[in-house]
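Student: I would like a close look at one helix in this model and at the charged pairs that go with it. Could you walk me through that part in one go?

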Amino acid sequence: MNIKKETKYGNYHLMIDEDGKVHIKVAEGKVRPFLREVFEKEGLEYDEKKSTTREMGNQLIHFVNNPTMESPKSMSNANSTNNAAVRKSLSFPSHIEAIDNDLEEHQYTVELLENGTVNIIPKNELIPLYLIANNFYNKENDQVEFNYDKSWDKKQLGAALIDFIQQHDPESVLRSEGKRTALFYGSREESETIKYRIEQLDDGSINVIPESNIAILSLLLDWWNDFRSNWIDYEKDWTEEELASHFIDEVGKPEKDWNWWVNLPQDWKFSLLYLYHDQLEEEYEYDEDGILEVYYNEELQNDRNGAAWYTISEFILDADAADDNIYMTEPFESEQQSLLDMDFSLDFSPLAYIPNLKEISFYRADSLYVVPRGLDKSPNLEVLNFARSGLGEDDKEQNIEDIFAMAKGLPNLRRLDLSGTVLAYHFEDNQDELAKLQALMPNCEIEL
């Protein structure tokens, strides 16, 4: 028979032939009981009913040859660890083609299970080497560029990387019988923590061994923060579960933001973009009717590399940099709005997604005759300004009813400005009704 793979485990000789059949030379007994005994002793996972002898043999050979790494079987079934369900997961990085092709070299799946277990699975065996190659710092903490050919296989890339580390940081390459080992630290700005070990055996084979899941996640986050504008903070003393949860939430947020924007009603896209009219004027052309094309052209609005999305992501959705107020009067009463035939009947509930939104102003919105729907879906609102708007001029009783309904959903409102409106005069003349409104918002200053 022609042997394709083989290894030794204790006094046993394990072999896999070219047809995938497993051969084990044992003094006595059958193969299946032997494999079961070894799997239980080493804590390897298998399914008594579904795992074949062939699969278990491959898994065991991989484990023996790579004792510090997960076996292909356990990696491919990571979400079944201890039968725990996946609490949340992320394919990193998101939307690769729209950001940068180099991100293809950093593809991992990160899973956080309900029992707190974290699984980090590279897309292929080269991914950990690429991550190291793109994040090398010397002992002076200066990042040094490592040039490599994407056609290289694992042996070529691993050997070249060890040589490169030895050139720039000789003390990080250790030699022992049968192998040499390179210690990879990443940035040493805050600590001398080893992130990976790269082993090259005498036969040229390469093992890439992460010190922990925290090491991988922190390295991915450090790389992300160097590359992306939306910086992600994290604490060095977080547990593996805390860091994985934070990683999934924060790295996945741009994709959630993008999906929110793409599915936003067209009128809302215009309304939010117009808040930054001066900036967008420099990026887009006016059409023959005098309307900035980006205000109605979905292709321009949904260009992930365009100025429109950059403006929304940076000034509306970025929790650290975004404005905390939105002034609705200008977009709704601009010449652009009149040409687009819009009014204040929009449902405002999509704004609940905006993280820092504290204030919405309709100051001097003469054409605002209704209390906008959906304002009560943004419970973090602190200020609503209807001063000198048209509230109460068309259907006062309905407006009053809507104000009361809205107030019930805004527990954090600190100021409600109705001054200069018909509603203000109504509440001044009906103090009992004003008291009822105040009771719904005890911490809110109502200006009349």
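Tutor: Happy to! A salt bridge here is a side-chain nitrogen of Lys or Arg within 4 Å of a carboxyl oxygen of Asp or Glu. Asp 417 and Arg 415 fit that rule, with their side chains meeting at 3.5 Å, N to O. Within this pair, Asp 417 counts as buried at 7% relative accessibility, while Arg 415 is partly exposed at 23%. Salt bridges with shared partners also link Arg 87, Glu 114 and Glu 241 into one network. Please keep in mind that this is a predicted model. A search of the whole structure finds eight salt bridges.

Now to the helix itself, α8, which covers residues 240-262. One of the salt bridges involves this helix: the side chains of Lys 88 and Asp 249 meet at 3.1 Å, N to O. Lys 88 lies in strand β4 (residues 86-92) and Asp 249 in helix α8, so the pair ties together parts that are 161 residues apart in sequence. Asp 249 is partly exposed, with a relative accessibility of 32%.

Gly 252 is also in helix α8. With a relative accessible area of 7%, Gly 252 is buried, because buried means under 20%. Leaving aside residues up to four places away in sequence, Gly 252 touches Leu 90 and Phe 247. The C-alpha atoms of Gly 252 and Ser 91 are separated by 8.5 Å, although these residues are 161 apart along the chain.

Glu 242 is another residue of α8, and its relative accessible area of 41% makes it partly exposed. On the surface, Glu 242 gathers with Asp 233, Glu 235, Asp 237 and Glu 250 in a patch of negative charge.

Helix α8 also has a helical neighbour to look at. Helix α12 (residues 307-317) is mostly covered, with eight of its eleven residues buried. Among them are Trp 309, Ile 312, Glu 314 and Leu 317. The buried residues of α12 pack against α8, and also against α9 (266-274), α10 (277-281) and α11 (298-301).

For the wider setting, the protein chain comes to 17 helices and 15 strands, and buried residues make up 48% of its 448 residues. Of the contacts between residues at least 6 apart in sequence, 56% join residues at least 24 apart.

Terms used
Residues are numbered from 1 along each chain as its sequence is written. This is a predicted model: local features need pLDDT of at least 70, side-chain atom pairs count only at pLDDT 80 or more; totals for chains, interfaces and linings use all residues. Side-chain values use heavy atoms; hydrogens and water are left out. Patches are made of residues with over 30% relative accessible area and no salt bridge: like charges are joined within 9 Å, nonpolar side chains (Val, Leu, Ile, Met, Phe, Trp, Tyr) within 5 Å. Accessible areas come from the Shrake-Rupley method with a 1.4 Å probe; for residues, only the protein chains shown count as cover. Lys and Arg count as positive and Asp and Glu as negative; His and the chain ends are not counted. The place of a charge is taken as NZ of Lys, CZ of Arg, CG of Asp or CD of Glu. Helices (H or I, at least four residues) and strands (E, at least two) are DSSP runs, numbered from the N terminus. Buried means under 20% relative accessible area, exposed over 50%, partly exposed in between (1.4 Å probe, protein chains only). Contact means heavy atoms within 4.5 Å.
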